[in-house]
Amino acid sequence: MTNDETERPDSRRSWLVAVAGAIGMVFTFGTPFSYGILRDPFSEAFAVSPVALSSVFSVMLFTFFIGAGAVGVFAARLSARPVILACTAVTGAIAPALYVTGSYLGLVLVFALLGLALGTVYVLLASIVPRWFDERRGAATGLIFVGNGLGLFLLPPIWQAVIARFGVRRGFFAVMAATTVAFLLAGLTCRRPRWTDGATSAGGDVLEWIRRLAGTRTFRLLFVGIALAFSWYQLLAAFAVDLFAARGLTAAGASTAFGLVGGVSIISRMGGGYIADRAGARRAFLASLLCAAAGVLLLFAPQFPVLAVGVFLLGIGLGGTATLYIPLLMGIYGADRDTAIVGTFNVAIGTSALAMPPLGTASVAYTDGYALAVVLTFVVTVASFWAITVGTRRS
């Protein structure tokens with residue numbers, strides 16, 4: 001069988017790419033959003049204050065979203081496979097880094113590189129896999145984001161368990177080694193399909209295209225709306241573990257409860273693509289935001305059954321927004337500039353990522369409670385719903 005016969009939309013080759021992409025996705029979001037769990041053990045191991053460490057993790061989120069978004073824009077003119085393999089080499093190289101550095105600046109460098117590598121792989125996989133599909137694009141996108149949801153579910157308790165058993169340095173090495181293996185598999189398997197060869201543009205053309213888009217009302221509203229659509233989870237990650245512990249859970253139980261938000265999100269990651277294929281990405285995305293807003297409100301309740309419902313709704317909202325924003329954007333701007341458009345809106349998400357975790361932490365520290373943090377999380381969710389609704393009204 002020739003390449004032309006096997007390399008076609010919705011083929012077995014397409015699903016192989018999607019599965020490899022899903023495995024790689026497990027290790028993208030899980031580590032950056034485990035910063036609430038990493039803070040205290042890293043502070044003790046390296047004698048760096050928790051406040052200073054929060055800035056280290058902010059740098060990681062910054063490079064994850066903004067740095068990787070910029071790389072994604074310019075990587076539109078490059079072959080994706082070498083870029084993914086380069087990120088694989090970075091994760092492998094920094095795996096033993098904590099054995100040779102423990103200073104504040106050393107940690108900043110390690111986590112900045114880690115965020116850039118994780119974010120770049122995320123941008124490339126999220127933009128490449130949908131290109132392999134036509135009729136089943138929504139379902140395939142849901143599959144790779146199932147991997148993303150598994151990472152958010154598994155990585156927080158895994159980080160806690162490996163650090164408790166092996167310590168910070170050995171635990172970091174173990175998780176980074178597993179990340180390297182997963183990225184190697186993705187790098188060897190995932191590339192753009194041959195029928196998209198030549199679809200990318202020179203960097204100057206991409207920048208000019210983005211500049212023209214930035215002058216439109218739809219782009220500006222979507223830029224804000226997509227950023228805020230992820231802000232509620234960035235805020236939640238800053239205080240959720242402490243909130244659940246304040247409700248009476250153990251440290252392990254609190255990290256598991258937070259991980260369950262990602263675990264439940266698998267349901268909507270799997271189903272969101274199918275719903276988008278039938279009802280449209282816009283309606284499904286907005287419904288996900290409504291679920292997230294309802295889940296945030298239930299965090300006010302002290303009763304565990306109500307909190308459990310809140311966690312479930314948060315998970316449904318998280319999975320839907322994370323899975324559907326790419327089909328939403330590609331439906332508006334087309335799929336020809338896949339990496340460029342995903343990278344551009346990753347910059348939007350990164351802008352909020354730099355501010356939201358410190359904002360969430362500060363709102364708890366200065367009020368000695370969680371009410372303000374929950375209110376802020378609800379407000380950004382509603383603001384995102386408004387911006388996306390207005391920005392896509394004629395799309």
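Two salt bridges are present in the predicted model. In one of them, the side chains of R39 and D40 come together at an N to O distance of 3.9 Å. In the other, the side chain of R39 meets that of D242, with N to O at 3.6 Å. This second contact joins distant parts of the chain, since D242 lies in helix 10 (residues 217-246) and R39 in helix 3 (residues 35-46), 203 residues apart. R39, D40 and D242 are thereby connected in a network of salt bridges. With regard to solvent, R39 has a relative accessibility of 15% and therefore counts as buried, the limit for that class being under 20%. D40, at 43%, counts as partly exposed, and D242, at 34%, likewise counts as partly exposed.

The residues of this network recur in the linings of the open and enclosed spaces of the model. The largest pocket has a volume of about 330 Å³. Its lining comprises 17 residues, and those nearest the pocket centre are R39, P50, S54, P357 and T361. At least two lining residues are supplied by each of helix 3, helix 4 (50-74), helix 10 and helix 14 (338-367). Helix 4 provides the largest share of this lining, six residues. By class, the lining of the largest pocket consists of twelve nonpolar, three polar and two charged residues.

The second largest pocket encloses about 190 Å³ of space. Of the 14 residues that line this pocket, G36, D40, V241, D242 and A251 lie nearest its centre. Two or more lining residues come from each of helix 3, helix 10 and helix 11 (251-279). Here helix 3 makes the greatest contribution, with five residues. The lining of the second largest pocket divides into seven nonpolar, four polar and three charged residues.

Two cavities of 30 Å³ or more were found in a search of the whole structure. The largest cavity contains about 50 Å³ of space. It is lined by F29, F33, N148, L152, F230, Y233, Q234, R269, L318 and A322. Helix 7, helix 10 and helix 13 (304-333) are the elements that give two or more residues to this lining, and helix 10 accounts for the largest share, three residues. Seven of the lining residues of the largest cavity are nonpolar, two are polar and one is charged.

The second largest cavity has a volume of about 40 Å³. G36, R39, A237, A238, F239, A240, V241 and D242 form its lining. Helix 3 and helix 10 each contribute at least two of these residues, with helix 10 giving the most, six residues. The lining of the second largest cavity comprises five nonpolar residues, one polar residue and two charged residues. R39 and D242, both in the lining of this cavity, are also the partners in the salt bridge between helix 10 and helix 3.

Aromatic contacts were examined next. The structure contains 22 aromatic pairs. In the pair formed by W15 and F133, the ring centres are 4.7 Å apart and the planes stand at 70°, so the geometry is edge-to-face. This pair links distant parts of the chain: W15 belongs to helix 2 (residues 12-25), whereas F133 is in the loop between helix 6 (104-128) and helix 7 (137-166), 118 residues apart. W15 is partly exposed, with a relative accessible area of 29%, while F133 is buried, with a relative accessible area of 2%. The rings of F57 and F111 also form an edge-to-face pair, because their planes stand at 90°, with the centres 5.4 Å apart. F57 in helix 4 and F111 in helix 6 are 54 residues apart, and their pair links distant parts of the chain. F57 and F111 are both buried.

A cluster of rings is formed by F29, F33, F64, F65, Y122, W232, Y233 and F258, which are linked through ring pairs. Among the members of this cluster, F29, F33 and Y233 also appear in the lining of the largest cavity.

As to the confidence of the prediction, the mean pLDDT of the protein is 85, and 91% of its residues reach 70 or more. Among the elements of the protein, the lowest mean pLDDT (53) belongs to helix 1 (residues 3-6) and the highest (96) to helix 8 (residues 168-189).

Definitions and conventions
Residues are numbered from 1 along each chain as its sequence is written. This is a predicted model: local features need pLDDT of at least 70, side-chain atom pairs count only at pLDDT 80 or more; totals for chains, interfaces and linings use all residues. Side-chain values use heavy atoms; hydrogens and water are left out. A salt bridge is a side-chain nitrogen of Lys or Arg within 4 Å of a carboxyl oxygen of Asp or Glu. Buried means under 20% relative accessible area, exposed over 50%, partly exposed in between (1.4 Å probe, protein chains only). Helices (H or I, at least four residues) and strands (E, at least two) are DSSP runs, numbered from the N terminus. pLDDT is the predictor's confidence in each residue, from 0 to 100. On a 1 Å grid over the protein atoms alone, a cavity is a set of points where a 1.4 Å probe fits but cannot get out, and a pocket is an open set with protein on both sides within 12 Å along at least five of seven lines; lining residues have an atom within 4 Å of a point. Grid points are joined across faces, edges and corners, and a volume is the space filled by probe spheres set on the points. Ala, Val, Leu, Ile, Met, Phe, Trp, Tyr, Cys and Pro count as nonpolar, Asp, Glu, Lys and Arg as charged, and the others, Gly among them, as polar. Rings of Phe, Tyr and Trp (its six-membered ring) pair if their centres lie within 6.5 Å; planes under 30 degrees apart count as stacked, over 60 as edge-to-face and the rest as tilted.
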